[in-house]
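Here is a short tour of one protein model, written for someone new to reading structures. Keep the picture open while you read.

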Amino acid sequence: MIELLAHGLVLFGLIVSAIMVFYMQDLLAAALASGLFSFLISLEFYILQAPDVAISQAGIGAGLTTAIFIIAIRGTKRFEEGHR
Amino acid sequence: MKKYLAVIVILIITSFMFIIGIDFVFGAPANSDMDDYFIEHGQEQIATNNIVTTVVFDYRGFDTLGESTVLFTAVIGVAMMFRKLGEGD
Amino acid sequence: MRMSKIVRTGSDLMYPFIFIFGWYVIMHGHLTPGGGFQGGAVVATGAALVIVAYSYQEVNAMIKKAILMFQESGGLVLFIGAGLAGMILGFPFFYNWLANSGSLFGMSVIPGPNPGELNTAGFLPLMNIAVGTEVWGGLTIVILYMLSGVEKEGI
């Protein structure tokens, strides 16, 4: 039962962070929300008893991809332009 | 009209995924002969307690060699793409 | 352009711990979950923290690209060389020639569930170190090249 509750919480957080990535106008905040998405996926892998995949997802998805996005935002503009 | 159509399509796809996932059993593969062999003989043959590392680096060592080569090639590609921009100092 | 003083101080405080955790994951790859790829990715995350926090000139003075390139090539060469050494000794390619031999990393384990010993597993720790070094150098140099391209173009 407690495991089912943890699954539900993590999946709900995944959907919320994905919607945050879609609606955020500040691109730095959107990059951080996508990092949160990857971190929640790695938590889900850990709950499903795959710690190997969880470590590599936390390292590459949550760490390096966010760093690459932040570097790309440093080279361009921080805010989205125009109406959506 | 278009909006309702999109919502209906998303609902159909989501319910389809739920129908697939509702009676999906994790951790019970149909054929497990290779897994049983690895789990039984891994400790005496390779002298390791971690079966995952045994499979990744020893029984399936060629896969890891290919993975390392793919990473090496990807890094070489990125270095060739960005080297022109970084030069000048 | 560099980030604020809070970010720089935080990254200075954090990166030694991330490096040590990554090397722990690499060195205990045959006992605990993880291994060369995962540990190398964690170490590269620590390097990426420093790269993101400082400006391009400071990063260029701190980290040399030639050393990272040498690390990446050396890791791959060590990986293939550990496989080829078995062929020199008369075994097939990628045969685990150090397991149960009694020398370096050559202790045998008791069958059944047990906590394990660091000095086991034959050439698997060598492979883990090789892949970890390669992934560390490779992923760091990807971020470094992206930063060099961005800084030259824009700011």
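Let's start with a pocket: the lining of the second largest one has 15 nonpolar, 5 polar and no charged residues. Before going further, keep in mind that this is a predicted model.

**The two pockets**

So where does that second largest pocket sit? It is lined by 20 residues, and Ala62(A), Gly63(A), Thr45(C), Ala48(C) and Leu49(C) are the closest to its centre. Helix 2 (27-47) and helix 3 of chain A each supply at least two lining residues, and helix 1 (5-27) and helix 2 of chain C do too. Helix 3 of chain A gives the most, with 7 residues.

The largest pocket brings in chain B. Its lining includes helix 1 (2-23) of chain A and helix 1 (2-22) of chain B, each with at least two residues. The largest share, 6 residues, comes from helix 1 of chain B. Nearest the centre of this pocket you'll find Leu11(A), Glu44(A), Met17(B), Phe18(B) and Gly21(B).

Here are the two pockets side by side:

| Pocket | Volume | Lining | Nonpolar | Polar | Charged |
|---|---|---|---|---|---|
| Largest | about 760 Å³ | 15 residues | 9 residues | 4 residues | 2 residues |
| Second largest | about 450 Å³ | 20 residues | 15 residues | 5 residues | no residues |

**The nonpolar core**

In soluble globular proteins, nonpolar side chains tend to be buried together. In this model, the largest nonpolar core has 44 residues. Which residues have the most contacts inside this core? They are Ile51(C), Phe79(C), Phe123(C), Met127(C), Leu139(C) and Ile143(C).

Several elements give two or more residues to this core: helix 3 (51-75) of chain A, helix 4 (61-86) of chain B, and from chain C helix 2 (36-53), helix 3 (56-62), helix 4 (65-88) and helix 5 (124-153). Helix 5 of chain C gives the most, with 14 residues.

Met127(C) is a nice one to click on. Setting aside its neighbours within four places in sequence, Met127(C) is in contact with Phe57(B), Phe79(C), Ala82(C) and Phe94(C).

**A closer look at chain C**

What does chain C look like on its own? Chain C has 5 helices and 0 strands, so reading along the sequence gives the pattern α-α-α-α-α. Its C-alpha trace spans about 55 × 35 × 20 Å along the principal axes. The radius of gyration of chain C is 19 Å, while a compact globule of 155 residues would have one near 15 Å.

Of the 155 residues in chain C, 49% are buried. Now take the contacts in chain C with a separation of 6 or more: 66% of them join residues 24 or more positions apart.

**Two residues with a positive phi**

Two loop residues are worth a look for their backbone angles. Phe94(C), one of the contacts of Met127(C), lies in the loop between helix 4 and helix 5 of chain C. The phi of Phe94(C) is near 65°, a positive value in a residue other than glycine.

Gln49(A) lies in the loop between helix 2 and helix 3 of chain A. Gln49(A) has a positive phi of about 65°, although it is not a glycine.

Is Gln49(A) buried or exposed? Gln49(A) counts as exposed because its relative accessible area is 69%, and the cut-off for exposed is over 50%. Phe94(C) counts as buried because its relative accessibility is 5%, and buried means under 20%.

Methods
Residues are numbered from 1 along each chain as its sequence is written. Chains are lettered from A and ligands numbered from 1 in the order in which they are written. This is a predicted model: local features need pLDDT of at least 70, side-chain atom pairs count only at pLDDT 80 or more; totals for chains, interfaces and linings use all residues. Side-chain values use heavy atoms; hydrogens and water are left out. A nonpolar core is a set of buried Ala, Val, Leu, Ile, Met, Phe, Trp, Tyr and Cys residues joined through side-chain atoms within 4.5 Å. Buried means under 20% relative accessible area, exposed over 50%, partly exposed in between (1.4 Å probe, protein chains only). Helices (H or I, at least four residues) and strands (E, at least two) are DSSP runs, numbered from the N terminus. Contact means heavy atoms within 4.5 Å. On a 1 Å grid over the protein atoms alone, a cavity is a set of points where a 1.4 Å probe fits but cannot get out, and a pocket is an open set with protein on both sides within 12 Å along at least five of seven lines; lining residues have an atom within 4 Å of a point. Grid points are joined across faces, edges and corners, and a volume is the space filled by probe spheres set on the points. Ala, Val, Leu, Ile, Met, Phe, Trp, Tyr, Cys and Pro count as nonpolar, Asp, Glu, Lys and Arg as charged, and the others, Gly among them, as polar. The radius of gyration is taken over C-alpha atoms; the globule rule is 2.2 Å times the number of residues to the power 0.38.
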